[in-house]
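Here's a walk through a few helix packings and some residues worth a look. Have the viewer open as you read.

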Amino acid sequence: MKTSVIGKFLDQPLIISKLKDKTPKLLAGAAFAYGAYDTLKTKKEDRKNRAIKNTIILSTVTATSLISAFGLKIGKKQLFSGLVNVKNQKEILAGQKNVIDNFLKENHVDKKTQEALSKAKTGILGLKDTKEVLKLANSNVKNSQNAQYNGIDELFDTLFSKKENLNAKEIFKETGRLSFLGLMPVASGVISGILAEKITDENTPKSSSDKIKEGAYQFLANIFMCNVGAAGALFAAERLQKAGKIKALTPIKKLGVIMGGIFITGIMGGSFVANWIGKKVLDPIFDKKYKHPKTQLQQGFALYSPLAFKGDEFNKITGGKALKVTQDKPFKPNQPAVPTKTHISGGNEPIMHANSPDIENSSRVKPAHCGQITDTHPLKTKHSALYAERKPELLDMALHTDDIATAGILSGFKWIEPMLPLMYTISGYRAGIGYRNNAK
């Protein structure tokens, strides 16, 4: 079976309409199943908060993805038109019946083709039926009057998605539509993720920063830059065609050109741009919000970074306040790191004796020169490499399946478009949890 036949089979408006109708149930079921799985695999003491966060993020992102794509309709009133325009099945079947009846009145076709066209009046064409119908487009097949079939273009545009011969302006308009479609669930993921952590009292400037950075990564690396690559490649091909450098592209060749642009600009360049913005723009902004002031350390002791502590141990010990180390004796080079009468304090009153089991033998304080001013800023981002924090992963590559939809729409194949909410929901959820390579 030729790929062109399979492509046309999948590109039937009825198939696209059925996919659209099933997407909400499929997406809602998948979101519920994943949310339950992610909650149950969490430690018992953390399950309540995880359940709250998953419920808020997944429900918000799922709803946003569906409304952005298909709009919002209450009863018979359409409150909002979505960005994915798909006709309903009754309308499609009525149009197909009318066009097929007119075509058969004006043309004589063989029995197999007539049977295949009759099936299209009431339902979807099978692969074999699609192959029979496509034979009508063969330049060597003519009717009994030795002329091309009347109305063949209208028949194909009705039974299969109409080919779009987009100019440069329309190309960028179309990619803008698809980029906005992806932006909505990602933005809602960031907002709902921050809101969920505020409700569970887990929100910090760093967690908000991670969500915004992951949102930028998802949008730029997995959505926007790929659309730019697709449009740019097709725009360049159009210019070369007008200049007479290349011949007009068939849909299959056009698809290849677009996928090449997606790979170079999107997959290779998208993650680079997203990480660069995260490191050079977003990190400096959020560093100011969770930066700790420099502390005058007395009597020769400086604290190790609180990153040495496990979990919330640092905040439990210090109350989240700036630390100051004092001792009643001068520092000696060979003196133990935590002398008997040294106290770690937060504010005016000592909150923990230095020989506490939580601190003793932990090597979390170290000798320093007397009077030294040490930068104890523990969260300042100092990545040695651009990809140190967020590397492309297998799922990121899988999310580029939506690029096939971009390529398909621009080259004439539209069958993946109704499934875009599924992929964009994944991007929105990852933005909502601030995903940074397995870190939630």
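Let's start with helix 4 (residues 89-106) and helix 5, whose axes come within 9 Å and cross at roughly 155 degrees. An angle over 145 degrees counts as roughly antiparallel, so helix 4 is roughly antiparallel to helix 5. On the helix 4 side, the contact uses Leu93, Gln96, Ile100, Phe103 and Leu104, and helix 5 answers with Gln114, Leu117 and Ala120. Sorted by class, that contact has six nonpolar and two polar residues, with no charged ones. Keep in mind that this is a predicted model.

Helix 5 (residues 111-120) has another partner in helix 6 (residues 127-134): their axes come within 9 Å and cross at roughly 120 degrees. That makes helix 5 oblique to helix 6. As for handedness, the crossing of these two helices is left-handed. From helix 5, the residues involved are Lys112, Thr113, Ala116, Leu117 and Lys119, while helix 6 brings Asp129, Glu132 and Val133. This contact of helix 5 with helix 6 splits into three nonpolar, one polar and four charged residues. Leu117 is worth clicking on, as it appears in the contact with helix 4 and also in the one with helix 6.

Staying in helix 6, pick out Thr130. Is Thr130 buried or exposed? It's buried, with a relative accessible area of 0%. Setting aside neighbours within four places in sequence, Thr130 is in contact with Val5, Lys8, Phe9, Gln12, Leu125 and Phe160.

Now jump along the chain to helix 9 and helix 14 (residues 420-433), whose axes come within 7 Å and cross at roughly 155 degrees. The two are therefore roughly antiparallel to each other, and the crossing is right-handed. In helix 9, the residues to highlight are Lys211, Glu214, Gly215, Gln218 and Ile223; they meet Tyr424, Ser427, Arg430, Ala431, Gly432 and Ile433 in helix 14. By class, the contact of helix 9 with helix 14 has four nonpolar, four polar and three charged residues.

Here are the three pairs together:

| Helix pair | Axes come within | Crossing angle |
|---|---|---|
| Helix 4 and helix 5 | 9 Å | roughly 155 degrees |
| Helix 5 and helix 6 | 9 Å | roughly 120 degrees |
| Helix 9 and helix 14 | 7 Å | roughly 155 degrees |

Helix 9 also holds Phe219, which is buried with a relative accessible area of 18%. Leaving out neighbours within four places in sequence, the contacts of Phe219 are Ser179, Leu183, Val186, Phe224 and Met225. Phe219 and Ser271 are 52 residues apart in sequence, yet their C-alpha atoms sit 9.9 Å apart in space.

Just before helix 9 comes a loop worth a glance. Asp201 lies there, between helix 8 (168-199) and helix 9 (205-242). Most residues other than glycine have a negative phi. Asp201 isn't a glycine, but has a positive phi of about 60 degrees. Asp201 is exposed, at 71% relative accessible area.

Zooming out, the protein chain has 14 helices and nine strands. Of its 440 residues, 44% count as buried. The chain exposes about 24,000 Å², with carbon and sulfur atoms supplying 58% of that. What share of contacts between residues at least 6 apart in sequence join residues at least 24 apart? In this chain, the share is 75%.

Note on methods. Residues are numbered from 1 along each chain as its sequence is written. This is a predicted model: local features need pLDDT of at least 70, side-chain atom pairs count only at pLDDT 80 or more; totals for chains, interfaces and linings use all residues. Side-chain values use heavy atoms; hydrogens and water are left out. Axes are lines fitted to C-alpha atoms, for helices over the stretch in contact, and angles run from 0 to 180 degrees between N-to-C directions. Helices (H or I, at least four residues) and strands (E, at least two) are DSSP runs, numbered from the N terminus. Angles under 35 degrees count as roughly parallel, over 145 as roughly antiparallel, 65 to 115 as roughly perpendicular and the rest as oblique. A crossing is left-handed if the near helix is turned anticlockwise from the far one by less than a right angle, and right-handed if clockwise. Contact means heavy atoms within 4.5 Å. Ala, Val, Leu, Ile, Met, Phe, Trp, Tyr, Cys and Pro count as nonpolar, Asp, Glu, Lys and Arg as charged, and the others, Gly among them, as polar. Buried means under 20% relative accessible area, exposed over 50%, partly exposed in between (1.4 Å probe, protein chains only). Accessible areas come from the Shrake-Rupley method with a 1.4 Å probe; for residues, only the protein chains shown count as cover.
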